[in-house]
Structures are given as structure tokens and as C-alpha cells.
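Open the model in your viewer, switch to a cartoon view and keep the selection panel at hand. We will go from one stop to the next, and each stop tells you what to pick.

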Amino acid sequence: MNGVAPGEISLELPKVSPRVGSRSIVIFPERSDNHRLSDALFADFIERAAADGFTIYTNCYLNSNYVVSPALPGTAPLAQLSLGEIVAIASDPSNIIVGTRSGLFDVLYFALPPEAARLVVLYPPEPAWIWSAARLHNEAMRKKFPDLYLHRENVVELEIGNFSAAVLAGHAA
């Protein structure tokens, strides 16, 4: 696929019926490298989202230490998500997917149409390159990649320390 523009890629995944409905939020608090964000980081967001009528889930999976990650307080566990199911959930524009910057968000970003679910991508402050150089959405990167496909209004990128329900509300569609 080298040299192919993202809009020209034909990505066919089997149709999957997701276990969650519309107005759902799936939080990925842990990456496969076992870096888990604190429950406290999400507490206010979960409380406000539930009050707004969202059903909130935590991606719970068997990590590399063979431990099933627990659900965040106030959320339902969602275990054994396949890529097809994640894409089906993220295809619904009323849903929100939240998690730390990882390859999964790259897959969702390039596999989904621009009007799909809101992606909330949290970046750690270190290493600096992950925030300043690896982002496809900042002004400097847009100049290098002028393809408008790379800029989406429904993608919110925040430094982890700036994530909150109040800040995310400022990015509401």
C-alpha cells in the first residue's frame, strides 16, 4: 500500500454487530505496554458523560502480564473486543472512543469515514516527539501533509494532563 492515499485504500472488514448501542463511550485506559492511566483521570468525565445519557464502557483485556485489566469505576467492562467490533462501534457517529495515543487510534483514524465516532486521543507529555512531531493534526504537520483527509473535526487530541469533561465539552460537535 505504499504510495496509496488513505482515501484510495479499500479496507473491508467483516460486518460485526457490536455489543454496545448508540451514545456509548468506550475508554481504553491501558495500552499493551501496560501503561494504565489512573482511574481518577477519568472520574469527572465518566460522571458527566453518564449524566448526559451516555453508556460508558472500559476496554478490559488480558494484558501482557496475563492479567485482565479492571473496568474503571462507573463503567461496564467490555472484554475481548475484536478489531471488527471496535470499528463497528467507532462507525457510529453518536459514540466516543477515548484512549492513550496508540496504533489502534491510527487504524481507526484511517479506516473510518470522517463522520464516524469522535476519537479522543490522549498524549503523554513525554517523550516530546510523540506530541510535537508524531501528530498528524497540528499546524506544522498539516503543512507537511496538506491532504485535508488528515484533518478531522471529530478528532480531539489532548495532552493527558489536560483531559477533563469540561475541556472535552469545549470540543463538542
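Start by selecting Leu41, Phe42, Phe45, Ile46 and Ala49: these residues of α1 are buried in this predicted model. Their spacing is worth a look along the helix axis. An α-helix has 3.6 residues a turn, so residues three or four places apart point the same way. Now show what surrounds them: the buried residues of α1 pack against the strands β1 (24-28), β2, β4 (96-100) and β5 (118-123), and against helix α6 (165-169).

Next, colour the whole of α1, residues 39-51. Its 13 residues span 18 Å from the first C-alpha to the last, close to the 18 Å expected at 1.5 Å a residue. Where is the kink in α1 centred? Click on Phe45: the helix bends there by about 25°. Phe45 is also one of the buried residues you have just selected. Then step past the end of the helix to Gly53, which follows α1 and has a positive phi, near 90°.

Zoom out for a moment to see the whole fold. The protein has six helices and six strands, and from the N terminus on they run β-α-β-β-α-β-α-β-α-α-β-α. Of its 173 residues, 42% count as buried. If you draw the contacts between residues at least 6 apart in sequence, 63% of them join residues at least 24 apart. Switch on the surface, and about 9300 Å² is exposed, with carbon and sulfur atoms supplying 58% of it.

With the surface still on, select Leu62, Tyr66 and Val68. Together they make a nonpolar surface patch of about 370 Å². To place the patch on the cartoon, find Leu62 in the loop between β2 (55-60) and β3 (76-79).

The next stop is α2, residues 83-90. Is this helix mostly covered or mostly uncovered? It is mostly covered, as six of its eight residues are buried. Select Gly84, Glu85, Ile86, Val87, Ile89 and Ala90 to see those buried residues. Among the elements that cover them are β1, β3, β4 and α3 (103-111).

Stay with Val87, which sits in helix α2. Its relative accessibility is 11%, and because buried means under 20%, Val87 counts as buried. For a distance to draw on screen, pick the C-alpha atoms of Val87 and Val107: they are 9.0 Å apart, while 20 residues separate the two along the chain.

Finish with two backbone stops. Most residues other than glycine have a negative phi, and most peptide bonds are trans. Arg23 is a residue other than glycine with a positive phi, near 55°. You will find Arg23 in the segment before β1, and at 35% relative accessibility it counts as partly exposed.

For the second one, go to the loop between β3 and α2 and select Gln80. Gln80 is not a glycine either, yet it has a positive phi of about 55°. Is Gln80 buried or exposed? With a relative accessible area of 76%, Gln80 is exposed.

Key:
Residues are numbered from 1 along each chain as its sequence is written. This is a predicted model: local features need pLDDT of at least 70, side-chain atom pairs count only at pLDDT 80 or more; totals for chains, interfaces and linings use all residues. Side-chain values use heavy atoms; hydrogens and water are left out. Patches are made of residues with over 30% relative accessible area and no salt bridge: like charges are joined within 9 Å, nonpolar side chains (Val, Leu, Ile, Met, Phe, Trp, Tyr) within 5 Å. Accessible areas come from the Shrake-Rupley method with a 1.4 Å probe; for residues, only the protein chains shown count as cover. A salt bridge is a side-chain nitrogen of Lys or Arg within 4 Å of a carboxyl oxygen of Asp or Glu. Helices (H or I, at least four residues) and strands (E, at least two) are DSSP runs, numbered from the N terminus. The expected span of a helix is 1.5 Å times one less than its number of residues. The bend at a residue is the angle between axes fitted to the seven residues ending there and the seven starting there. Buried means under 20% relative accessible area, exposed over 50%, partly exposed in between (1.4 Å probe, protein chains only). Contact means heavy atoms within 4.5 Å.
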